[in-house]
2 protein chains.
Amino acid sequence: MTALDVRSVERQSACSIQATLDIVGDRWTLLILRDLFRGVRRFSAMQHDLGIARNMLADRLSRLTDADVVAKVPYQHRPVRYDYVLTPKGLDLSNSLLALMAWGDRWCHDGDAPTVLVHADCGTPLEIATRCPACDEPVSPTRIRSLAGHSDPPPGGEFAAAGAIQANRQHPTNGGDL
Amino acid sequence: MTALDVRSVERQSACSIQATLDIVGDRWTLLILRDLFRGVRRFSAMQHDLGIARNMLADRLSRLTDADVVAKVPYQHRPVRYDYVLTPKGLDLSNSLLALMAWGDRWCHDGDAPTVLVHADCGTPLEIATRCPACDEPVSPTRIRSLAGHSDPPPGGEFAAAGAIQANRQHPTNGGDL
DNA sequence: GGAGTCAGTTTCGGTTTGCAACTGACTCCT
DNA sequence: AGGAGTCAGTTGCAAACCGAAACTGACTCC
């Protein structure tokens, strides 16, 4: 709690993305969460794995615990030492992390294949997708519309890029129906 | 290109999340992308909608175009003025944005209901989920494993929170099968 | 009882951010 | 055609932020 706690009040989140970013929208925070998801639980382990400055790590962890995304569970007393573990709220971020990771896999191949996530039960590489529970099928970004919520509706008023460059460019591995 | 272009080289992304964050891992960048997805295309419109400083916006947009996530399309000449539109690479970020938004919807309700995304074809609210293409079913975070890729495998070595607090706490609206 | 470890905190200088003002390059209106 | 207005983008500068190293406690181990 050394530095500041301005960030959480600075902008009244009219949008859920903004609200989310108020909590995890930070380079280090997302990386810390990735480590947490991979089972890294100790302060020192994260510090070593990420190469983050200790004050930064301490600050981010305390923000995350304040936000109830992470909880501290003592694993020894006397000098109280904690494991940092994900709460249900934190666990629920897995889709977001996965989506980010999947995008990196598709577009940031620097040559060597990165981490692949597979289904523990069958070993198949996983995919993450937007689905319509009613139609029971994947939904492409152009078929998404947003309803209400924003106090100041922008010209377009809808999610899904009215004028996005659809496919008329030379791009590697375009994701198909996106 | 005023400020710097250090960030892209600073850390050799052993992990796709890191690679992704090198490009979009920034408070403003994600918010800009959200606007782009909603069809906001003009510099001034984004500046007004986000309340971002113009130099910041100019810097972020030029990074995004450098990264080929966004493209500039002139809509007038003489004073050349551009529309900023998503490339296929940028459009492909929709899942990530949606996942982040969905999380905010679930956990950051400050009272008023936020933006709801629906299927344009049938009006049903959408969901975003990790799925196993083989088993053809949703996969919970605890059933995800990662394969290789990281040069320095952490103690746990796997995605999905070995010791996460599973459900033994008082939390609102826990996501069910998570 | 001295050395070592671990989780944090403090200090402090360099970097980044963002407000305000400024620069071009038009377009519009009269 | 000339002044007013608009828009994208720069520059200057103060404030906020970041992070390496050193420091503080509170142990544990030998």
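Colleague: Which residue caps the N-terminal end of H2(B)?

Modeller: To spot a cap, look for a side-chain oxygen close to a backbone nitrogen at the start of the helix. Here B:Asp26 does the job, with a side-chain oxygen 2.9 Å from the backbone nitrogen of B:Trp28. Keep in mind that this is a predicted model.

Colleague: And what follows H2(B) at its other end?

Modeller: Check the phi angles there. H2(B) is followed by B:Gly39, and its phi is positive, near 95°.

Colleague: How many residues of helix H2 of chain B are buried?

Modeller: For burial, go through the helix residue by residue. Eleven of the eleven residues in H2(B), residues 27–37, are buried, so the helix is largely enclosed by the rest of the structure. The list includes charged side chains such as B:Arg27, B:Arg34 and B:Asp35, along with B:Ile32 and B:Leu33.

Colleague: Which residues have the most contacts inside the largest nonpolar core?

Modeller: Those last two turn up again. The core has 82 residues, and the ones with the most contacts inside it are A:Ile32, A:Leu33, B:Ile32 and B:Leu33. To get a feel for one of them, follow A:Leu33: leaving aside neighbours within four places in sequence, its contacts are A:Val24, A:Leu64, A:Val69, A:Val70, A:Leu86, A:Leu93 and A:Leu97.

Colleague: Let me step back to the whole chain. What pattern does chain A follow along the sequence?

Modeller: List the elements in order. Chain A has six helices and six strands, and they read α-α-α-α-β-β-α-α-β-β-β-β. Of its 178 residues, 50% are buried. Among contacts with a separation of 6 or more, 38% join residues 24 or more positions apart.

Colleague: How do strands E1 and E2 of chain A run, parallel or antiparallel?

Modeller: Look at the bridges and the connection. E1(A), residues 70–76, and E2(A), residues 81–86, are antiparallel and joined by six bridges. One of the pairs is A:Gln76 with A:Arg81. The two strands make a hairpin with four residues between them, and A:Arg78 in the turn has a positive phi of about 80°. When you look at any strand, remember that side chains in a regular one alternate between the two faces of the sheet.

Colleague: Which residues come nearest to DNA strand C?

Modeller: Start with the neighbours, then sort out which part of the DNA they meet. There are 22 residues around strand C, and A:Arg54, A:Arg81, A:Tyr84, B:Asn55 and B:Arg78 come nearest. Of the strand C atoms within 4 Å of the protein, 68% belong to sugar or phosphate and the rest to bases.

Colleague: Which side chains have an N or O atom listed against a base of strand C?

Modeller: Read these pair by pair. The side chain of A:Arg81 has an N or O atom 3.1 Å from a base oxygen. For B:Asn55, a side-chain N or O atom is 2.7 Å from a base nitrogen. There is also B:Arg54, with a polar side-chain atom 3.4 Å from a base nitrogen. As for elements, H4(B) gives the largest share of the surface near strand C, four residues.

Colleague: Now DNA strand D. Which element gives the largest share of the surface near it?

Modeller: H4(A), with four residues. Of the 17 residues around strand D, the nearest are A:Asn55, A:Arg78, B:Ser44, B:Arg54 and B:Tyr84. Sugar or phosphate accounts for 70% of the strand D atoms within 4 Å of the protein. For phosphate contacts, look for oxygens paired with polar protein atoms: a side-chain N or O atom of A:Trp28 is 3.0 Å from one, and a polar side-chain atom of A:Arg60 lies 3.4 Å from one. Backbone atoms count too, as with B:Phe43, where the distance is 3.5 Å.

Colleague: Is A:Val139 buried or exposed?

Modeller: Compare the relative accessible area with the 20% cut-off for burial. A:Val139 has 8%, so it is buried. This residue sits in the loop between E5 and E6 of chain A. Beyond four places in sequence, A:Val139 touches residues of both chains, including A:Ile144, B:His119 and B:Leu126.

Colleague: Last one: which element of chain A has the lowest mean pLDDT?

Modeller: Check averages first, then the weak stretches. E6(A) is lowest at 74, while H5(A) is highest at 92. Residues 1–12 of chain A fall below 50, and that stretch has twelve contacts beyond near neighbours in sequence. Residues 149–157 of chain A also stay under 50. Overall, chain A averages 74, with 71% of residues scoring at least 70.

Key. Residues are numbered from 1 along each chain as its sequence is written. Chains are lettered from A and ligands numbered from 1 in the order in which they are written. Side-chain values use heavy atoms; hydrogens and water are left out. Two strands pair if DSSP finds at least two bridges between them. A nonpolar core is a set of buried Ala, Val, Leu, Ile, Met, Phe, Trp, Tyr and Cys residues joined through side-chain atoms within 4.5 Å. Buried means under 20% relative accessible area, exposed over 50%, partly exposed in between (1.4 Å probe, protein chains only). Contact means heavy atoms within 4.5 Å. pLDDT is the predictor's confidence in each residue, from 0 to 100. A residue is near a molecule or strand if one of its heavy atoms lies within 4 Å of it. A polar contact is a pair of N or O atoms within 3.5 Å; within protein, one must be able to donate a hydrogen and the other to accept it, and residues adjacent in sequence count only if both atoms are side-chain atoms.
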